[in-house]
Amino acid sequence: MFSYYLRLSWLSLKRNPLLSSLMVGAIALGIGVSMTTLTLFYVMSSDPLPFKSDRVFAVQMDTWGPDEPANRKGGGSPPIQMTYRDAMALMESDIPTHQATMLHRGFAVRTEDEDVRLQRLSARATYNGFFPMFDVPFLYGGPWDDRADENADQVVILSRESNEKFFGGQNSVGNTIFLDSVPFRVVGVINSWQPTPVFYDLNNGAWSSTEDMFIPFQIPITWEYGAHGSTNCWKPEKLENYQDSLQSECVWVQHWVQLDSAEQREAFHAFMDGYANAQKEFGRFQRPLDNRTTNVMDWLEYMEVVGDDNRLLVVLSLMFLLICLLNTVGLMLAKFLNRAPLVGVRRALGASKRDVALQHGVEVMFIGLLGGLGGLVLSYLGLLAVRNWYTGYEYLARLNPEMIATAVALALGAAVIAGLYPTWHITRIQPAVHLKTQ
Amino acid sequence: MLSMNSITKVYQAGVIETHALRSLSLEVEAGEFVAVTGPSGSGKTTFLNIAGLLEAPSSGTYILDGTDVSTMRDRARSKTRNEKIGFIFQGFNLIPDLNIFDNVDVPLRYRGWPGKERRERIDEALDLVGLSARKQHLPSQLSGGQQQRVAIARALAGNPKLLLADEPTGNLDSLMARQVMELLEEINAAGTTIIMVTHDPELARRAGRNVHLLDGQVSDFQPIEPPPAESDDAVAQVA
């Protein structure tokens with residue numbers, strides 16, 4: 001009977017195309033708007049480091065001045081970045097499974113091929129622990145070794161896109177590129193990798209793309225380069241030279257660690273506290289001891305990556321879906337009651353109330369499915385518009401299989417809810433009343 | 001075939017009660033052709049709806065083909081209606097989106113028969129009413145008389161024991177009305193019990209027995225002279 005009911009649904013839609021289009025359109029519009037906001041919210045709220053985000057931590061040390069906290073969040077909290085010298089002190093610890101200090105900056109890049117023009121590319125200067133800690137996938141080669149970190153070797157890891165750009169996607173390990181005219185040997189090429197949000201450095205945009213290349217942390221330090229991002233200081237300092245800035249109380253680097261067990265985390269906290277207490281003797285760390293490790297998801301929450309306005313937008317879009325559904329209820333009721341005489345005939349010919357409910361239930365699902373497909377098209381267009389109108393949303397505003405399945409399920413659920421009352425109502429009609437009026 | 005005993009039907013609208021049927025009792029034997037007549041408001045349609053299991057009586061007993069159907073629940077009533085009763089309406093009541101074949105198919109779908117069996121029965125029913133060649137047509141492409149013949153084919157497709165006809169020729173001209181009536185007579189002659197509500201004295205006269213309703217009861221008064229052969233068999237009773 002299902003295929004029979006499906007055919008009846010199609011005939012019913014064809015019988016009154018305007019009313020049918022309005023119903024499908026109302027569901028599609030509601031689904032389109034809510035799925036656009038839900039997709040953005042879903043991607044914003046999703047785990048950028050699945051399977052290990054609870055073992056990877058952002059590190060904060062309260063090096064701020066005594067008068068006021070670096071952040072007023074939670075009654076006062078440490079700065080979200082670290083000073084260079086404190087980060088370097090933490091790098092001395094062998095407690096974490098992996099750890100990396102890092103900063104972001106840009107370089108002018110060219111290859112030996114003179115036909116490839118000079119380009120300005122972004123780079124992350126970091127330690128080799130960055131790659132296993134963040135599960136970075138490699139297409140060719142791999143991370144540089146510890147000696148390269150210690151010696152600031154001129155080695156580089158390219159993103160897949162950069163490798164496409166400079167070497168046509170070939171295995172470029174061993175090739176040379178020039179960063180600010182200095183030759184660097186390619187030691188690895190990363191496969192497609194786009195954690196969303198880019199949790200490890202929220203100063204440069206949570207929704208931006210990952211860097212074009214990666215180099216040892218000590219390269220920009222050796223070259224006396226600063227970072228592209230925010231630098232915050234709690235007191236005025238006289239900085240005569242680059243070494244002064246490295247020793248200053250200004251925070252400008254990020255530090256992440258992987259701690260796989262509670263014991264490891266406890267030991268690392270003890271290490272940080274010991275270091276902070278030792279620094280207090282030199283007049284630093286003037287605030288009460290407050291060293292923190294925050295896992296990835298808590299870090300995103302702490303940094304308010306998904307703001308209250310996003311949540312409000314989701315609520316508003318769901319309310320809009322509700323309004324669309326109420327309209328659909330009215331339209332469906334009008335459509336179903338309009339055919340009460342035909343239902344009367346079917347009842348006279350042997351259809352039970354259950355048969356009538358099933359027939360109309362299938363029609364409701366059919367309308368929901370069409371509305372869902374229409375909603376998916378509108379969601380796609382909505383996300384396309386978001387990508388085109390707002391920078392930084394290129395990796396965010398995309399429909400994925402989960403959201404497509406959610407859209408269809410939401411549309412079917414919405415249609416069922418919208419169709420419940422009209423379907424119940426049509427099963428309640430007295431066939432005898434309508435047989436004379438047909 | 002059909003036995004109604006002290007059937008009442010009361011419609012309630014707020015505090016106002018309307019007694020459509022008042023203790024109506026009626027026996028109809030298998031194979032009879034009964035015409036039900038009466039003025040407007042006499043309860044003819046209510047009687048037909050209760051006989052066709054489209055409405056339940058307020059009180060009384062209704063035995064159909066040996067089964068008490070007066071207290072059946074919806075699914076059982078629908079199943080009985082589908083298997084034992086065929087309907088013919090004044091307005092034909094064909095489903096406009098479905099072609100003739102699919103219209104006749106409707107009661108068979110609810111019976112759950114397999115496709116091959118349904119197709120055979122539909123072809124037989126359409127053959128009987130002489131419309132085999134029109135099975136792909138939509139109802140709107142047929143004349144009134146043809147539409148009523150389709151409705152008859154639909155009513156007969158499931159081999160019902162009882163055919164209920166409500167003013168079956170009311171919307172037809174005299175020529176078509178005569179053809180439809182002849183068809184009903186053929187069907188009755190083949191063994192199907194027919195109860196026909198009509199205003200037309202001419203049609204009522206052609207039925208085997210006339211039952212006259214007045215104020216929701218079977219009346220002794222017979223405005224239409226009953227056919228001589230069957231007049232002794234009339235079993236209508238005043239409750």
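Biologist: Where does A:Asp180 lie in chain A?

Modeller: In this predicted model, A:Asp180 sits in the loop between strand 6 (176-179) and strand 7 of chain A. Its phi is positive, at about 50 degrees, although the residue is not a glycine.

Biologist: Is A:Asp180 buried or exposed?

Modeller: The reading rests on a count of neighbours: a residue is exposed if 12 or fewer other C-beta atoms lie within 10 Å of its own, and buried if there are 20 or more. A:Asp180 has 12 other C-beta atoms within 10 Å, and is therefore exposed.

Biologist: What is the phi of A:Phe285, and where is the place of that residue?

Modeller: A:Phe285 is not a glycine either, and its phi is positive, at about 50 degrees. The residue belongs to the loop between helix 9 (262-280) and strand 10 (291-295) of chain A. A:Phe285 counts as buried because it has 22 C-beta neighbours inside 10 Å.

Biologist: Which peptide bond of chain A is described as cis?

Modeller: The bond from A:Thr196 to A:Pro197 is cis, and its omega is near 0 degrees. A:Pro197 is found in the loop between strand 7 (182-190) and strand 8 (213-216) of chain A.

Biologist: How many helices and strands does chain A have?

Modeller: Chain A has 15 helices and ten strands. Of its 438 residues, 42% are buried. For contacts in chain A between residues at least 6 apart in sequence, 78% join residues at least 24 apart.

Biologist: To what does the secondary structure of chain B come?

Modeller: Chain B comprises seven helices and ten strands. Buried residues account for 49% of its 239 residues. Where contacts in chain B link residues at least 6 apart in sequence, 67% of them join residues at least 24 apart.

Biologist: How should the order of strands in an open sheet be read, and which order do the four strands of chain B take?

Modeller: The order lists strands as they lie side by side in the sheet, and for these four strands of chain B it is 2-1-4-5, with antiparallel pairing. Strand 2 (16-28) and strand 5 (67-68) of chain B are at the edges; each has a single partner strand, so one side of each has no neighbour in the sheet. Within this sheet, five bridges pair strand 1 (residues 2-13) of chain B with strand 4 (residues 59-64) of chain B in the antiparallel sense. One residue pair can be located directly: B:Leu2 is opposite B:Leu64 in strand 4 of chain B.

Biologist: What order and pairing does the open sheet of six strands in chain B have?

Modeller: Its order is 6-7-8-3-9-10, and the pairing is mixed. Strand 6 (85-88) and strand 10 (217-219) of chain B form the edges, each with a single partner strand, so one side of each is left without a neighbour in the sheet. On average, neighbouring strands of this sheet are turned by 25 degrees against each other, direction ignored.

Biologist: How many bridges join strand 7 of chain B to strand 8 of chain B, and which helix packs on the sheet?

Modeller: Strand 7 (residues 162-166) and strand 8 (residues 193-197) of chain B run parallel and are joined by five bridges. In strand 8 of chain B, B:Ile195 is the bridge partner of B:Leu164. Helix 6 (residues 174-189) of chain B packs on the sheet and touches strand 3 (33-37), strand 7 and strand 8 of chain B. The direction of helix 6 makes about 150 degrees with that of strand 8 of chain B.

Biologist: How do helix 3 and helix 4 of chain B pack?

Modeller: Two packed helices are described by the angle between their axes and by the distance between those axes. Helix 3 (residues 100-111) and helix 4 (residues 115-128) of chain B pack at about 120 degrees, with their axes 10 Å apart. The two helices of chain B are therefore oblique to each other, and their crossing is right-handed.

Biologist: Which residues of helix 3 of chain B meet helix 4 of chain B?

Modeller: From helix 3 of chain B, B:Ile100, B:Phe101, B:Val104, B:Asp105 and B:Leu108 meet B:Arg118, B:Arg121, B:Ile122, B:Ala125 and B:Leu126 of helix 4 of chain B. By class, this contact has seven nonpolar, no polar and three charged residues.

Biologist: How many residues does the contact take from chain B and from chain A?

Modeller: The contact takes 20 residues from chain B and 19 residues from chain A. On the side of chain B that touches chain A, helix 2 (74-84) and helix 3 of chain B are the elements that give two or more residues. The residues on that side divide into seven nonpolar, six polar and seven charged.

How values were computed. Residues numbered from 1 in each chain as written. Chains lettered and ligands numbered in written order. Predicted model: local features only at pLDDT ≥ 70, side-chain atom pairs only at ≥ 80, totals over all residues. Pairing = 2+ DSSP bridges. Axes fitted to C-alpha atoms, helices over the stretch in contact; angles between N-to-C directions. Parallel < 35°, antiparallel > 145°, perpendicular 65-115°, else oblique. Left-handed = near helix turned anticlockwise from the far one by under 90°. Contact = placed C-beta atoms within 7 Å. Nonpolar A, V, L, I, M, F, W, Y, C, P; charged D, E, K, R; others polar.
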